[in-house]
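Hi,

Here is the structure I promised to pass on. Have a look at it first, then read my notes underneath.

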Amino acid sequence: MIRPRQRVALGSLIGAGLVLTACGSDTGGSPSSSTNPGGAASITCSSGSLTAAGSTAQQNAMTQWIKDYLNKCSGSNINYGGGGSGQGVQQFTDGKVDFAGSDFPLAAGAEQQGADARCKAGPAINIPMVGGPIAVGYNVPGVTQPLNLSASNLAKIFTGKITKWNDAAIAQDNPGVALPALGIQSFHRSDGSGTTYNFTNYLAHDAKADWTFGADKNWTAPGGQGAKGSQGVAQGVKSTAGGIGYFELSFATQSKIPYAAVGNAEGKFVQLTPDNAVKFLSYAKAAGTGSDLKLDFDYATTDATAYPNLLVTYEIVCSKGNPADKLPLLKNFLGYAASPAAQQELPAQGYISLPDNLRQQVQQTVSSLG
Amino acid sequence: MAQSVHVTAGNSRLVRTQLSRRSLVAIAAAAIAATVVLFVATPLQGLVGFVLIAAVLYILAQTVISNHVEGRRAAINRLVTTLVVACACAAVLPLVAVLGFTIVKGLAVLNLSFLTHTMRGVAEQDPYGGIYHAIIGTLEQVGLATLMAVPFGLLVAIYLVEYSAGRLGRVVSFFVDVMTGLPSIVAGLFIFALWILALGQSFSGFAGSLALAILMLPTVVRSAEEMLKIVPDSLREGGYALGIPKWITILRIVLPTALAGIVTGVMLAIARVTGETAPLLLTVFGNPALNFNPFSGAQASLPLFVFGEAGLPNETAINRAWAAALVLIMIVLVFNIIARVIARFAGVRS
Amino acid sequence: MDEPESAKVSMARSSEAVPSPASQPPKTNGTQSKDMPQAKDLDSRPRRRADAVFRMLAQGSGVALLVIMAAIAAFLILQAIPALNADTTNFFTTLNWAPDGTPSSFGIAALAFGSLLTSLLALVMSVPVAVGVALAISHYSPRWLAGPLAYVVDLLAAVPSVVFGLWGLIYLVPGLIGPSNFLSTYFGFIPLFETNGTYGKSIFAASVVLAVMIIPIIAAISREVFVQTPRDHIEAAWAIGATKWEMVRTAILPYGRSGVVSATVLGFGRAIGETIAVALVLSANYEITLHILQPGGNTIAANIANRYGEAGNIGRGALIASGLVLFIITLIVNFGARTIVRRGEREGA
């Protein structure tokens, strides 16, 4: 009952499918020269394949490093899927990925135990790899110089206690700035995220009196507008006069949203520059046991050149018990990620590189994996 | 309604006074002018508000004047006609806006290289990369879903039309309806709960196609059922009269007669699930690299790709999202056109 | 039945929703007659066995469909139970979603309320418009326009929801701030339009996006039903001197009523289950409020999309529990609509 015309239609569809199958290639079609010739020296090749998933915050860094690595070592295969930190940890625990990216260290208790059980031979550990400063972006028409916002003012803004941009508390920190009598519209993440966790962690430490909601990956404070993803928050701030929100630095620079100098524990205002963020990270202490490099940020620091609002993405791996066919590639790839050459690529993408003291600890830990 | 008997009398006017086109234009101009005044006098602003208020004013004025000049029945008739036109505009405009918006943004990026490369090793700011992997993923997932849903759906439809008479048939028919209203995210959650959590399987293209098959099933059943129903009984009776068993009659006479219509229904079901994002989010996971094997490992898909790229802070990534959305719409368009071509032959001759 | 439309009629329309024009008892639609003409005595044995096998296969598929529906309920319940047990607060009344917290605490109240409110508002906005569009295509527009118009509307039913979501986020949400401000300034005394002075990603915006998304679905099905109005009904109306509207009111709308109802139910199902677009345009929180113009609102589906990525073990179970509630809501709505349609058929007959 299929008539000629139908046959033509079906045939052309199948034909189109075949053409599509024949012509494609599993590459990005980039100009083939290595983008980071200097980095190639730090790469040691091993064959095999790795799959990883988790944090979307570090996805771009991972993509870049995988690209570098595969350019040199065409025999191996590495895949990093996003999906979110929680997804990454779940899949790691279920044994479906070789390592996970997460914006928070494994939580003590059930989560750590589950991950340990997967590794069998040794505990699962957190290795910090990618740092990202969190910008507090705003949209206040008429204000051209960067605003100073103390932790306490930020807490009050994001809980709806300060509602106008010309509030006395803000004006006091910004002498000489003509603040408009505009309503403040605060934006936060509506999905769970490491960005929210680290921003609220900063408020919980440096604005203890005004922020009573603790550190949480889900926004728990009242008021404000939720938006999906950092992109959504940045878009909201950008399109709303009086808007304010927090997102990774790259979203601020890409969307050309001005961002504030935020107050530290002592009330001093710190500009967001890569150097200032690295400085803050260099004060962090490894708080984990054994080879675990879970970091404890020093929010109490009084150094006025340390930007206290940032996020670190950890790679969660098994310290021991990695399968023999994965281990060399795992060590070589993560070893490359912790190399100076790889870390130097980060600032161009809106991240910060690990400070040297920490980077060397990371390299050591990676080489000790078993 | 019996007054029309009087029509013969010369004093009854057959044609009532009608509002001329010119007076309608005048009313429209007055409505717009009034709206401008309103916008100047009050803190109103925004194009949407302007159009809305002007339209409401026009409709009010036109109805009042028509009621005065043409009478109540004609006024109501005119009001409804205007409302119907307004509805068509109100519905089509945003829809065309969405479509135009995608086409303009998508065409800026779309080229052959975009169709034949993947995102393996492409960072968000890189101006290259493509959706080959996502196209393959979508075609495989939808293809597998079709392979599962169509035979299954056809058998259910045959059961409903040819065999069921009793209570079971009514129950099945009812649950087909319920399934039609099944939210796609629930289908995704079900496969997630069953396939990934309970059975411990990995995310894969196949898991996604299971969810899509559930969403396709009721559509296939309903369309096949409708087509089988309009196959004239005389064909069946002819078969029986020749001593052909019922199942052969169904497979060789009834089904082929309804085939073109069934294919159309299937094509439209395919078009419907191709754009589904939510169930895939929970089941196929997404993958920047090409994975031909839908049974093992995470796979990409076009809707997921659009969703992922649109959330990145980079203009090049967002442009990729639009181009992928455009490709997705074009794929659906192709399915639609095929369905329509086939539908031309859908007539079951009676 | 010679038009291409005839095939599409079937698409989403439920069999019983549209009464066949003449036959009074629509329950079985003449299926019985097909079983009658068999001359059983003529059947040879192997043939009868093949027949029985085929019948079993078909019936088995019907039963399998029921099994799938049961499995959906069963597995959602199964995976939800551990999380529901871990919940230290009342699942039905808690206005909070922290399943992975210590202690675990989450509740469906605000989400279910938001899902119902956004979907109902979307229906209020879209059903009249969609019926208008359907009438425009079926009976008002000239022939040359009707085809393309129908085609555009059909095509848009297939635009991926992400695209609607992005469009809503980038164009609609800012565009609605003005009208919202107007409504709240001059009609703020109506609780629905009251605000806290801020505007943006609101329940209202989400409802408008949903309305735009479901218009094509409702319009397509309604149109198919309107087109099928028997000619003699229409001509009878013309013959007694009805205006066009009177013809529509007395012939087309009564005939299409049950079709429109089932289209509405389908649209409701689509709206309440819509995930991505709503997640993009809603400002997720866990409050119950009727102030639809101010930022806020959340739905079950949007919450799943928002919370899935960072959900732990209990978090996943909690999301599945919320999906179960969504499933039950759609079941109830379907039951309700079927009852309405059936009653309508009985009265209309």
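Let's start with where chain C meets chain B: 97 residues from chain C and 106 residues from chain B take part in the contact. Keep in mind as you read that this is a predicted model. How much area is buried between chain C and chain B? It comes to about 9600 Å², and carbon and sulfur atoms give 76% of that. If you wonder about the unit, the size of an interface is often given as the accessible area lost when the parts come together.

There is one salt bridge between chain C and chain B. You can find it by looking for E246(C) and R73(B), whose closest N and O atoms are 2.7 Å apart. The pairs in polar contact between these two chains number six, counting residues that are both at pLDDT 80 or more. Which helix gives the most to the side of chain C that touches chain B? That is helix α2 (residues 45-86) of chain C, with 21 residues. Sorted by class, this side of chain C has 59 nonpolar residues, 24 polar ones and 14 charged ones.

Now for chain A and chain C. Here the contact takes 23 residues from chain A and 22 residues from chain C. About 1900 Å² is buried between them, with 40% of it on carbon and sulfur atoms. On the chain A side, Q87(A), Q90(A) and K228(A) lose the most area to chain C, and together they make up 28% of what that side buries. The rule finds zero salt bridges across this interface, but it does find 12 residue pairs in polar contact, both residues being at pLDDT 80 or more.

Three elements of chain A give two or more residues to the side that touches chain C: α3, β6 (185-189) and β7 (225-227). Of these, α3(A) gives the most, with four residues. By class, that side of chain A splits into three nonpolar, 16 polar and four charged residues.

While you have α3(A) on screen, check how it sits against another helix. Two packed helices are described by the angle between their axes and the distance between the axes. For helix α3 (residues 85-93) of chain A and helix α4 (residues 110-119) of chain A, the axes come within 8 Å and cross at roughly 40 degrees. That crossing makes α3(A) oblique to α4(A). From α3(A), the contact uses V89(A), F92(A) and T93(A), and from α4(A) it uses E111(A), G114(A), A115(A), R118(A) and C119(A). These residues divide into four nonpolar, two polar and two charged.

Last, a helix pair in chain B. Helix α10 (residues 246-274) of chain B packs with helix α13 (residues 315-343) of chain B at an angle of about 170 degrees, their axes being 8 Å apart. Are they roughly parallel or roughly antiparallel to each other? The angle is over 145 degrees, and α10(B) and α13(B) are therefore roughly antiparallel to each other. Among the residues that meet are A260(B), V263(B) and M267(B) in α10(B), and L328(B), I331(B) and F335(B) in α13(B). The residues of this contact are 14 nonpolar, three polar and no charged.

Cheers

Key. Residues are numbered from 1 along each chain as its sequence is written. Chains are lettered from A and ligands numbered from 1 in the order in which they are written. This is a predicted model: local features need pLDDT of at least 70, side-chain atom pairs count only at pLDDT 80 or more; totals for chains, interfaces and linings use all residues. Side-chain values use heavy atoms; hydrogens and water are left out. Contact means heavy atoms within 4.5 Å. Buried area is the accessible area (1.4 Å probe) that two parts lose on being put together, summed over both. A salt bridge is a side-chain nitrogen of Lys or Arg within 4 Å of a carboxyl oxygen of Asp or Glu. A polar contact is a pair of N or O atoms within 3.5 Å; within protein, one must be able to donate a hydrogen and the other to accept it, and residues adjacent in sequence count only if both atoms are side-chain atoms. Ala, Val, Leu, Ile, Met, Phe, Trp, Tyr, Cys and Pro count as nonpolar, Asp, Glu, Lys and Arg as charged, and the others, Gly among them, as polar. Axes are lines fitted to C-alpha atoms, for helices over the stretch in contact, and angles run from 0 to 180 degrees between N-to-C directions. Angles under 35 degrees count as roughly parallel, over 145 as roughly antiparallel, 65 to 115 as roughly perpendicular and the rest as oblique.
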